[in-house]
Amino acid sequence: MSPYRTLGVALLAVGALCIAAFVLVFPVVPLAAIGLSATIVGCTSVFLAGSRPRLSPEACAILMQAGMDNVTAMLERLGIQGKAVYYPGSMNGGQPHAAIPVGLQERPGGAAEGLLGKLLDTGGAIEVATPGGISLGLLRSRPGPAEEDIRSAIAYLVVGALDIGKAVKVSMRGSHIEVQVAGAEMTYQDTPYHRCLGSPAGSIAAAISALALQKPVRITRESETRGTSNIELEVLS
Amino acid sequence: MRTINRFILSLAAALVAVDVLLATLGQQDFSVYYILNSIVFLIVALAHVNLNPRSRHGLGMVAFMLFAGFVASAAVKIGGS
């Protein structure tokens, strides 16, 4: 049983007993009110228990790690060091993805083989799904292009839906957007995956900015200072 | 701390604070406690608008139950007077 449900049922039982005892048997209204408060908190806890995902956090972490390792292996195999470009679904006629540029100059020594080699030789880009692009499905509506709209949408996903940060600040200056996520979890690490696609919070910020502005967006820099993730985005024309 | 934990803790703290305040003021009407507890619940829920949709649905259910209790209480009082 979920710990929230256990807590809720216990509080409901104690609260109901308190109300019954201090209203009917020993009439003491303030103590009955404490029972009422316990009942409200218990009821809330029971209802919130149903909102937790059925998959355990450990299972989610394993699935995410496997996906990241696969992309990392691909990036290392191809020798890609460029940064991915996030673009809105409307530019692709569907799901918002990120394009990882695959330039001939970025290829390590020796020719790659098979399909990957063909991709390299075309000098095009590899389209990949990202945490940010997938999480856009959780948004209630498409954010507008204003700074506050973008901040609100990022906060909704990062702080509320995914719970990987505590507060979000956004400032826009021309084609540059600076996003600060306080109390961020899963922060930027110097790995091929994060260098290319950004941290989960960075990926969400980039995907939302691309959707809101309807323009391609690239993460130019990510850093962490005193528990706050600083994400710098560049809007491409 | 997870958002839901923060919500439950802040709700419990706010409800107890209201109860203690009303008890200190000598309030003896249970319906006053009920109404103020309901209002505090709504305020704390509004302060956590970033909760995910399923959580907000759950909070909506609790708010509906509190409102139903308020309507029932008002109906009993009107019927009794």
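Modeller: Helices are DSSP runs of at least four residues, numbered from the N terminus. Keep in mind that this is a predicted model.

Colleague: How does one look for empty space, and what is the volume of the second largest pocket?

Modeller: Rolling a probe the size of a water molecule over the atoms shows where empty space is left. Here the second largest pocket has a volume of about 200 Å³. Its lining has 13 residues, and those closest to the centre are M64(A), Q65(A), M68(A), Q189(A) and H194(A).

Colleague: Which helices of chain A each supply at least two residues of that lining?

Modeller: In chain A, α3 (57-78) and α7 (192-197) each do so. Helix α3(A) gives the most, with 6 residues.

Colleague: How do the lining residues of this pocket divide into nonpolar, polar and charged?

Modeller: The lining has 6 nonpolar residues, 6 polar and 1 charged.

Colleague: Now the helix pair. At what angle do α2 of chain A and α2 of chain B pack?

Modeller: Angles under 35 degrees count as roughly parallel. Helix α2 of chain A (residues 29-49) and helix α2 of chain B (residues 30-46) pack at about 30 degrees, and their axes are 10 Å apart. α2(A) and α2(B) are therefore roughly parallel to each other.

Colleague: Is the crossing of α2(A) and α2(B) left-handed or right-handed, and which residues meet?

Modeller: The crossing of these two helices is right-handed. From α2(A), residues including L36(A), I40(A) and T44(A) take part, and they face a set in α2(B) that includes F30(B), Y33(B) and F41(B). The residues of this contact divide into 10 nonpolar and 3 polar, with no charged ones.

Conventions:
Residues are numbered from 1 along each chain as its sequence is written. Chains are lettered from A and ligands numbered from 1 in the order in which they are written. This is a predicted model: local features need pLDDT of at least 70, side-chain atom pairs count only at pLDDT 80 or more; totals for chains, interfaces and linings use all residues. Side-chain values use heavy atoms; hydrogens and water are left out. On a 1 Å grid over the protein atoms alone, a cavity is a set of points where a 1.4 Å probe fits but cannot get out, and a pocket is an open set with protein on both sides within 12 Å along at least five of seven lines; lining residues have an atom within 4 Å of a point. Grid points are joined across faces, edges and corners, and a volume is the space filled by probe spheres set on the points. Ala, Val, Leu, Ile, Met, Phe, Trp, Tyr, Cys and Pro count as nonpolar, Asp, Glu, Lys and Arg as charged, and the others, Gly among them, as polar. Axes are lines fitted to C-alpha atoms, for helices over the stretch in contact, and angles run from 0 to 180 degrees between N-to-C directions. Angles under 35 degrees count as roughly parallel, over 145 as roughly antiparallel, 65 to 115 as roughly perpendicular and the rest as oblique. A crossing is left-handed if the near helix is turned anticlockwise from the far one by less than a right angle, and right-handed if clockwise. Contact means heavy atoms within 4.5 Å.
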